[in-house]
Amino acid sequence: MTTEETVIQARALTKEFVRDEFHVIALQDVDIDIHKGEFVALMGPSGSGKSTLLHLIAAMDYATGGEIRVLGENLRAMSDGEIARWRNHNVGFIFQQFNLIPVLTALENVELPLKLTNLNKQERNDHATTALKLVGLGDRLGHFPRQLSGGQEQRVAIARAIVTDPALILADEPTGNLDAASAQEVLSILSRLNKEYGKTIVMVTHDAHAARSATKVRHLEKGALLPEGQLPAD
Amino acid sequence: MAIPLSYNFRNLIVRKTTTIMTALGIALTVAVLLSILALVDGLRTAFTASGNPLHVLVMRKGSDSELTSNFTRTGYQDLKFKAGIARNKAGEPMASLEIVTVINLPSVTNPDGSNVTLRGLSPVGIEMREVLRISAGRWFETGKREVVVGRSIAARFPSAALGQRLRFGRGEWDVVGIMDAGKSANNSEIFADLNQVSSDFQRTEVLSSALVRAVDPVAAAALVNDINNDQRLNTGARTEAEYYESQTSSAVPIQFLGMFISAIMAVGSSFAAMNTMYAAVARRAREIGTLRVLGFSRGSILFSFFVESVLLALLGGILGCLLVLPLNGVTTGMSNFVTFSEIAFDFSIGPSIMATGVAFAVVLGALGGFFPARMAAKKEILVALREV
């Protein structure tokens, strides 16, 4: 793999914080390279630091040590506004609890990130419709989140994550709140996005079945990233 | 581009009970303010409509009102032939010697009686007030105890209705007509024959004032100067418009009180809006976090919640305007502290007053919304996403 194809590069990445007078090391000296077109599943028990790593990749949180470059950018050097724009253009984020805006329709939810682009209203509408069709919800454009099933909500969230055509998709337990059938649908879509559209995906999951959709699985334990292929002790 | 307005509109609709209660709180504050403004505007309209810029009012030097002034018949004879005074079709100088006093009449709102201005004047005084129209009955006849009452007096004082008989001075006076003076203060007066009134009140020589009409505005100014500098007359003159303008000071105490109450209510309404918006920010913390993850900046979040607060207040402002709209044109009365008599006038709610009310509401919304909006904008993404 060449350096140009490295989408995420972390070196000695560390995140420490103090909670209720206790010093907590959430992530310690993590080195990781994720390359373009990879679908990486981050696994580990609760508190192992997998979500923390995902948040650092998305610049939703800052490391207390080490460095991280995502899509060639040193996120620490960017201002709040620059990070917001960068995230809008380059990262699609999928949450465990979908996090759709309840007062907006599926189409409007998917259109939201496009409000920050230069697209006109018609173009935004076309892009959002295409994204929803891609996840199989072309017939649910005008539905509000409360009118959709959990699986459908998560598919709307995926459409929202891909509508700006980002290079990187980050998913935090995307199947955690879904039944088996819906979870399988979501994983199929993610696999398709990776295989057919070449999207780089980093997915945090507890679920070994979900992790099988990924092309690579990495395990974390007590804030440390285990070597490739190594599983946690317990 | 900002977060779509539909997001804010729909959130206001979703929590409709809170929205309506907060908007009603703001609406009541706006309604109180607008009522006061409408009252003051109505009073001001009554006074400004009363003053003809060509008319010069002559009173005793130092007098602020016709009631406390005196002016002799001799002085009137010297006055009416001054240069610059217009003449009527008959060639007579347009100068009206008048006597002004107050009588007490029981009113609808005050059965114990309120002071009402009684004006004795000659036919030329009526001729000079072109706005006057007899809406019922006829004008009084000279030498008789007959009165014509203003429209507002007829409406507010049952004993002064057409055909009634009033008792004041040395006898009983027949109400023979009702006059309509447009929006002017004459609607709150009773007119009668100058000589009959002065005789009944034993003031045949020393009356109250004189009203003269100048041929043009330049002559009016010259006439004011001339009279003020005339040592023989020892009188003060000013245009009728200036005289009535000075009486708008009657509205100052009620205006102050109204503004004071509005200000206190405004603080309460502003806190209500603030409370509502703080609750909205707390309830939508995860949405705020999500919007930030999608790429919306802190500024966009601040603007969105700020706009939502302003929209909420705007609704309150519009409701407030609707609440006070039925007051428009309603006649009320208050004591004129210059003439010690009641002046009746109409509440006046025009577009400018309503715009003031809406602007006031927007300011309340902006004040109440800024801090919650700032709190929303300052939320860290992860903290916001973890809030339930």
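Me: In this predicted model, across which strands of chain A does helix H6 lie, and at what angle to E8(A) does the helix run?
Reply: Helix H6 of chain A covers residues 180–195. The strands beneath this helix are E3 (39–43), E7 (168–172) and E8 (200–204) of chain A. Relative to E8(A), the angle of H6(A) is about 150°.

Me: What is the strand order of the open six-stranded sheet in chain A?
Reply: The pairing in this sheet of chain A is mixed. The order of its six strands is E6-E7-E8-E3-E9-E10.

Me: Why is one side of E6(A) and of E10(A) left without a neighbour in the sheet?
Reply: Strand E6 (91–94) and strand E10 (224–225) of chain A stand at the edges of the sheet. One side of each is left without a neighbour there because each has a single partner strand.

Me: Which residue of E10(A) stands opposite Leu220(A)?
Reply: Strand E9 of chain A, residues 216–221, runs antiparallel to E10(A), and two bridges join them. Opposite Leu220(A), in E10(A), stands Leu225(A).

Me: Which residue in E4(A) is the bridge partner of Ala10(A)?
Reply: Strand E1 (residues 6–19) and strand E4 (residues 65–70) of chain A run antiparallel and are joined by five bridges. In E4(A), the partner of Ala10(A) is Ile68(A).

Me: Which residue in the turn of the hairpin formed by E4(A) and E5(A) has a positive phi?
Reply: E4(A) pairs with strand E5 (residues 73–74) of chain A in the antiparallel sense over two bridges. One bridge is between Val70(A) and Glu73(A) of E5(A). The hairpin has two residues between its strands, and a positive phi of about 55° belongs to Leu71(A).

Me: What radius of gyration does chain A have, and with what value for a compact globule does it agree?
Reply: Chain A has seven helices and 10 strands. Along the principal axes, its C-alpha atoms fill a box of roughly 45 × 40 × 40 Å. For 234 residues, a compact globule would have a radius of gyration near 17 Å, which agrees with the value for chain A of 18 Å.

Me: What radius of gyration does chain B have, set against a compact globule of 388 residues?
Reply: There are 13 helices and 14 strands in chain B. The C-alpha trace spans about 90 × 45 × 30 Å along its principal axes. A compact globule of 388 residues would come near 21 Å, but the radius of gyration of chain B is 29 Å.

Me: What share of the residues of chain B count as buried?
Reply: In chain B, 81% of the contacts with a separation of 6 or more are between residues 24 or more positions apart. Of its 388 residues, the share that count as buried is 51%.

Me: Which helix of chain B gives the most residues to the side that touches chain A?
Reply: The contact takes 17 residues from chain B and 18 residues from chain A. On the chain B side, helix H1 (5–14), helix H10 (285–294) and helix H13 (381–386) each supply at least two residues. That side of chain B divides into nine nonpolar, four polar and four charged residues. The most, five residues, come from H10(B).

Me: Against which helices do the buried residues of H1(B) pack?
Reply: The buried residues of H1(B) are Tyr7(B), Asn8(B), Asn11(B) and Leu12(B). They lie on the same side of H1(B), because they cover an arc of only 130° around the axis. The face turned away from them carries the exposed residues Leu5(B), Ser6(B), Ile13(B) and Val14(B). The buried residues pack against three helices of chain B: H2 (16–50), H9 (252–283) and H11 (298–324).

Me: Within what arc do the buried residues of H8(B) fall?
Reply: In helix H8 of chain B (residues 240–247), the buried residues are Glu240(B), Ala241(B), Tyr243(B), Tyr244(B) and Gln247(B). Seen down the axis of H8(B), they line one face of the helix, because they fall within an arc of 160°.

Me: Is Ser63(B) buried or partly exposed?
Reply: Ser63(B) is in the loop between strand E1 (55–60) and strand E2 (71–72) of chain B. Leaving aside residues up to four places away in sequence, Ser63(B) touches Thr68(B), Ser69(B) and Gly236(B). Its C-alpha atom is separated by 9.0 Å from that of Thr235(B), 172 residues apart along the chain. Because Ser63(B) has 17 C-beta neighbours inside 10 Å, this residue counts as partly exposed.

Methods. Residues numbered from 1 in each chain as written. Chains lettered and ligands numbered in written order. Predicted model: local features only at pLDDT ≥ 70, side-chain atom pairs only at ≥ 80, totals over all residues. Contact = placed C-beta atoms within 7 Å. Helix = DSSP H or I, 4+ residues; strand = E, 2+ residues; numbered from the N terminus. Nonpolar A, V, L, I, M, F, W, Y, C, P; charged D, E, K, R; others polar. Pairing = 2+ DSSP bridges. Axes fitted to C-alpha atoms, helices over the stretch in contact; angles between N-to-C directions. Buried ≥ 20, exposed ≤ 12 C-beta atoms within 10 Å, placed from the backbone. Arc of directions from axis to C-beta. Rg over C-alpha atoms; globule rule 2.2 N^0.38 Å.
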